[in-house]
Each structure stands twice: as structure tokens, then as C-alpha cells.
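Grab a pencil and work through these exercises with the model open beside you. Try each task before you read its solution.

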Amino acid sequence: MSIDSISRDVFQHEVVSVAEEMSAALRRSAFSAIIWDMIDYACGLLDPAGNTIAQAPTIPAQLGIMPTAFRHMIAAIPLAEWQAGDVIICNDPYLGCTHTPDIVLFSPVFFQGRLIAIASTVAHHIDVGGHVPGSESATAREIFEEGLRIPPLKLFARGVPNDTFFRIFARNVRDPKASTGDINAQVAACRTAERRLAELAAKYGADGFAAHVAAMFDYSENFLRGALADVKATEAKAEILIEDDAASQEPMRLAVSVAVRDGGLTIDFAGSSAQRPNGLNNPYASTLSMVHYAVKVVFTPGLPQNEGCNRPVKISVPEGSILNPKEPAAVSVRHLTQQAVADVVLKALAAIAPAASTAGCQISFPTFVIGGFDQRPGMMRRHGGEAPYFVVTDIIGGGMGASATADGISGVDTHGGNCAILSAEVLETTSPVRAVSTRLVPGSGGRGKHNGGLAIEREYEMLSSGLVVSGYTQQTRPDTAPWGLEGGEPGGLAAARIIRRNGEAEPLLSKFVAVPLEQGERLVLRAAGGAGWGKPA
């Protein structure tokens with residue numbers, strides 16, 4: 001079937017709108033603020049072979065894993081056994097998922113008895129069990145410490161919920177009402193896609209739907225190959241260091257070589273550090289996700305993402321490295337390493353396509369999870385005199401690197417995240433934690449002809465005692481700071497500290513786990529600033 005360019009583009013916008021409507025359904029029906037306020041979730045559509053058709057613009061770190069996870073799902077539950085009304089669930093990082101808090105759902109979409117697409121959602125759940133609130137621990141040595149691991153199974157079978165799973169799940173998480181509610185919100189997003197895609201198939205027919213998808217893929221592939229034909233250089237290498245501070249004081253190294261050959265890209269991570277006995281290892285699917293993200297932002301930033309954008313990209317990741325660990329290595333804090341994957345690839349691509357690149361961005365990703373009992377009198381009165389248990393998280397943005405033509409953006413979550421900072425009102429309503437201040441840090445952007453963006457610093461006060469905080473950041477020392485380009489200076493460093501009740505400031509390592517906090521004590525998180533481009537003079 002021949003598809004003209006106008007029909008192809010109209011169809012592409014139609015399927016993207018379906019993914020965006022999925023996103024709205026999930027966000028508006030979720031229970032946890034990390035989803036409905038911080039936007040830590042993703043929605044996408046795949047073809048029956050698991051290739052990305054469309055995605056909503058939320059979290060690249062989650063969107064990019066969907067095809068890999070899907071192929072693991074059908075290896076466990078053959079596609080012939082998927083029925084209308086089914087929903088498949090999994091969160092296993094060694095089966096194509098990210099880390100245990102990110103729960104992945106897939107639902108098949110049928111039209112007139114024919115499978116035409118797969119709807120998928122990924123959402124970060126505030127807790128899935130494990131030895132610390134929030135389930136993420138940089139010092140974990142095995143994945144068994146990181147909460148409930150869900151193998152591929154049918155959450156719904158022909159529309160009927162798996163009550164046994166829901167009971168087991170609720171018994172193993174710290175906030176069962178919110179977590180089960182968030183799963184049902186993900187199901188609602190999948191059902192939204194099923195309805196809307198059936199309407200599109202009725203418009204185009206099953207064969208026409210598939211033909212338009214194929215035309216989209218071909219166009220995106222040709223677009224990327226055309227962009228690669230205009231590059232300045234055809235080969236580049238790059239390295240960066242990131243802190244460990246969990247299993248070792250020795251930093252972890254990410255190394256990459258990039259080559260433009262035969263209209264495609266070959267990307268090889270040989271030379272990267274071996275996997276570590278900590279939670280910073282990055283699952284293979286997440287490494288692939290960040291490579292595709294980095295290629296997109298340089299070469300196809302205005303093009304809706306689909307499988308065609310990935311076809312020209314060949315990726316090699318050594319097994320047993322921090323970017324492709326062997327089971328049962330811990331991975332719950334993989335996001336820091338995942339951000340670094342994008343960072344090192346973008347550093348290499350800056351030599352190949354400088355006009356479309358920036359200097360080093362913040363990948364510090366200062367994050368915490370605080371858990372405990374909310375002992376505020378008003379909250380206890382609302383719960384019959386008992387202090388309710390709570391879990392709360394926040395993510396701080398920093399500076400984007402400068403480009404050859406502009407200063408970097410301030411106060412953003414760059415690369416794989418794209419999460420929003422938690423609003424102070426939500427933080428103080430849902431937990432005994434007060435946002436004392438939120439500010440941009442003067443001078444935190446690296447100087448240059450164009451300066452890097454500014455970092456955010458946020459201070460939190462504890463309003464209850466007996467609380468426990470775990471968290472992490474990156475880019476806290478000169479050898480890991482955001483890198484300048486063409487003589488630009490590095491970005492300002494990230495930091496974390498606790499101010500005790502006696503006023504003493506207690507600096508924290510870049511990874512901190514199960515640190516006790518009492519009423520009146522304060523936690524201060526600062527992100528890194530973006531690096532500069534060009535000599536400051």
C-alpha cells in the first residue's frame with residue numbers, strides 16, 4: 001500500500017495524540033504525587049513486533065526500555081496467549097525493565113480479532129518494599145534487597161483482575177493504598193489506548209494502520225541517515241567519571257567510542273568499569289534507552305520518536321560492566337549511571353555534531369526518600385489518634401550546559417529524567433517535611449562565552465522525629481563535574497548535608513542510606529550547575 005507524506009504525517013500526529021491521552025489518564029487518576037505532580041511515568045505504543053510507534057513526552061529513561069521489556073514478556077508469555085482485556089505486568093530489571101520501583105504494564109490492542117498494537121505504561125511507585133523506604137539503596141549488594149520483583153504475569157486476564165497478585169503486592173509495600181491505586185491508574189491509561197487505537201483502525205482498516213506505521217518508520221530512518229550525512233567528523237571517543245561512594249571510593253568510568261559508517265552510527269562502551277557491588281549498576285535496557293535518547297536530541301530533536309529513529313544505531317555493551325550487569329547485581333539507583341550514559345555519548349557526539357550539542361549538563365539528580373510516622377497533631381487526629389506511616393520523595397534540578405549560541409537553561413532535570421520538583425504545598429500536605437527554601441544558586445553555572453545554567457538548592461525541615469532518609473547525588477567533586485567545551489569552565493558542584501538541631505552542618509557522601517532525622521533537623525540538597533561553552537574572555 002502506497003502512503004503519501006501528508007497521510008503519513010497526519011497519522012503520526014494521531015498516534016502521538018493517543019499516547020498523550022494515555023498520559024493524561026494516568027496522571028489524573030494516580031494516587032502518588034511522584035506520578036501526578038512530579039510526572040515520573042511514561043506511556044507509549046508498540047507494534048505487534050515490539051517496535052515503538054509513538055510515545056508521550058515524559059520520561060526518556062522509561063520510554064526507551066519498552067521494546068526490550070516487551071520482547072522479554074513474549075518470551076515468558078507467548079503473544080499467541082495474549083487476549084483482549086489482558087494486561088501483562090513486570091518490573092524485573094533483568095527482563096528488560098529499569099529498577100523495581102518502575103512497574104511496567106502491557107496490554108494488547110485488537111481490531112476485528114487482529115492484533116494491531118501494544119499499549120504500555122511505566123510508572124515509578126513510591127515504594128515496592130525492600131530494606132529502606134522507597135526501595136532504592138545505593139549500598140544494596142543484590143537485587144533481592146530492592147523490594148518485590150514481579151515476573152511477567154497476567155495482571156488482568158480477559159478483563160478479570162488477578163486478585164491474588166493484588167493481595168501479595170499490597171502486603172509487601174509500605175503504602176498499599178497508593179501503590180495499588182497507581183497500578184490501576186496505569187491500567188486506565190492502557191484501556192484509553194485500546195479504545196482510541198480501535199477508532200483509528202476503524203478509520204484506516206487493519207492493513208492501512210500497519211502500512212501507515214511502516215511508512216512512519218521508513219521516514220524516520222531516512223531522516224536520521226540524512227542528518228548523519230552532514231556531520232563534521234566521523235569518529236569520536238569520550239570518557240567521564242561518576243562517584244561510587246557506596247561500595248568504593250574509586251569512581252566509576254564510562255567510556256564510549258562513536259563512529260559514523262554507511263549512513264548509521266556504531267556506539268561501543270568497551271572500556272567502561274566492571275559492575276560494582278552496589279545499586280548503581282545500570283540494566284542493559286536502560287543503557288540502550290539513553291543511547292537512543294542522546295542520538296535523538298542531537299540529530300532528530302523535532303521528530304516524533306519511533307523505531308525508525310533507532311534502526312541506524314548499532315550498540316555494543318560489554319556484559320558484566322556497570323552498563324550491562326549480570327544478575328543478581330543490585331540496580332535500584334541505576335538512574336545516576338543511566339544519566340551518565342547519555343552524558344558520555346553526548347560528549348562524544350559534541351565532536352561529531354558541535355552545532356547541535358551543548359557543554360556538560362548536570363546529571364547530579366539529587367534525590368531523597370524519607371519515611372516514618374507522621375506525628376503532627378492534626379494528622380494524628382485525622383487517623384484516630386494514630387500516627388500514619390508516610391513515604392515522600394523529591395528530585396532537584398540543576399543547570400543545562402551552554403551551547404555555541406546560548407547560555408544553558410537553569411533549574412531543569414536534564415537527559416533521562418524530565419521530572420518536576422515536588423511542589424512545596426504537596427510536600428507539606430502529604431508529609432511532616434517542610435520546604436524551607438528553594439533557590440537558584442548564584443555562580444553555579446560554568447563561565448564561558450556562554451554560561452552554563454544555574455543549579456537549584458532546596459532546604460527541608462523535619463516536623464516529626466524518628467524519620468529515615470536515603471538519597472543520592474552525583475557530580476560532587478572536580479573530576480566528575482559537568483565538562484566545559486571550547487575553553488568553557490565546568491559547572492558548579494552538587495552537595496548534600498544535614499543541619500542538626502545544634503546547628504552543626506554534617507556533610508553527606510554522594511550516596512547516603514538510612515540516615516536518621518529528628519524533628520527540627522534539616523536536609524539541604526544542591527544540584528550541579530551546567531558547564532560553559534567557549535573561553536570566558
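**Exercise 1. Find how much area the protein chain exposes and what share carbon and sulfur atoms supply.**

Step 1: The exposed area comes to about 19600 Å², worked out by the Shrake-Rupley method with a 1.4 Å probe, where for residues only the protein chains shown count as cover. Carbon and sulfur atoms supply 52% of that area.

Step 2: Before going on, know your source: this is a predicted model, where local features need pLDDT of at least 70, side-chain atom pairs count only at pLDDT 80 or more, and totals for chains, interfaces and linings use all residues. Residues are numbered from 1 along each chain as its sequence is written, and side-chain values use heavy atoms, with hydrogens and water left out.

Step 3: Now look inward: 60% of the 537 residues are buried (buried is under 20% relative accessible area, exposed over 50%, partly exposed in between, with a 1.4 Å probe and protein chains only).

**Exercise 2. Check the radius of gyration of the protein chain against that of a compact globule.**

Step 1: The rule for a globule is 2.2 Å times the number of residues to the power 0.38, and the radius is taken over C-alpha atoms.

Step 2: For 537 residues the rule gives a value near 24 Å, and the chain has 23 Å, so the two agree.

Step 3: Add the extent: the C-alpha trace spans about 75 × 65 × 40 Å along its principal axes.

Step 4: Count the elements, and you get eleven helices and 20 strands (DSSP runs numbered from the N terminus: helices are H or I with at least four residues, strands are E with at least two).

Step 5: Take the contacts (heavy atoms within 4.5 Å) between residues at least 6 apart in sequence; 73% of them join residues at least 24 apart.

**Exercise 3. Describe the largest pocket: its space, its lining and the class of its residues.**

Step 1: Get the terms straight. On a 1 Å grid over the protein atoms alone, a pocket is an open set of points with protein on both sides within 12 Å along at least five of seven lines, while a cavity is a set where a 1.4 Å probe fits but cannot get out; lining residues have an atom within 4 Å of a point. Points are joined across faces, edges and corners, and a volume is the space filled by probe spheres set on them.

Step 2: The largest pocket holds about 1000 Å³ of space. Its lining has 42 residues, with Pro60, His292, Tyr293, Lys296 and Val297 nearest the centre.

Step 3: Helix 7 gives the largest share of this lining, seven residues.

Step 4: Sort the lining by class and you find 21 nonpolar, 15 polar and six charged residues (nonpolar: Ala, Val, Leu, Ile, Met, Phe, Trp, Tyr, Cys and Pro; charged: Asp, Glu, Lys and Arg; polar: the others, Gly among them).

**Exercise 4. How many cavities of 30 Å³ or more does the whole structure have?**

Step 1: The search turns up three.

Step 2: In the largest cavity there is about 160 Å³ of space. It is lined by 20 residues, and Asp40, His99, His124, Glu136 and Phe365 are the closest to its centre.

Step 3: The second largest cavity has about 40 Å³. Glu136 turns up in its lining too, along with residues including Pro133 and Tyr472.

**Exercise 5. Is Val173 buried or exposed?**

Step 1: Locate Val173 in the loop between helix 5 (163–171) and helix 6.

Step 2: Its relative accessible area is 10%, so Val173 is buried.

Step 3: Val173 sits 44 residues from Gly129 in sequence, yet their C-alpha atoms are 4.6 Å apart. Leaving out residues up to four places away in sequence, Val173 touches Asp127, Val128, Gly129 and Ser179.

**Exercise 6. What is phi of Gln475 and of Ala514, and which peptide bond form joins Glu327 to Pro328?**

Step 1: Start from the rule: most residues other than glycine have a negative phi, and most peptide bonds are trans.

Step 2: Gln475 has a positive phi of about 60 degrees. At 2% relative accessibility, Gln475 is buried, and its place is the loop between strand 16 and strand 17.

Step 3: Ala514 also has a positive phi, near 55 degrees. Ala514 belongs to strand 19 and is partly exposed, at 40%.

Step 4: The bond from Glu327 to Pro328 is cis, with omega near 10 degrees. Pro328 lies in the loop between strand 11 and helix 9.
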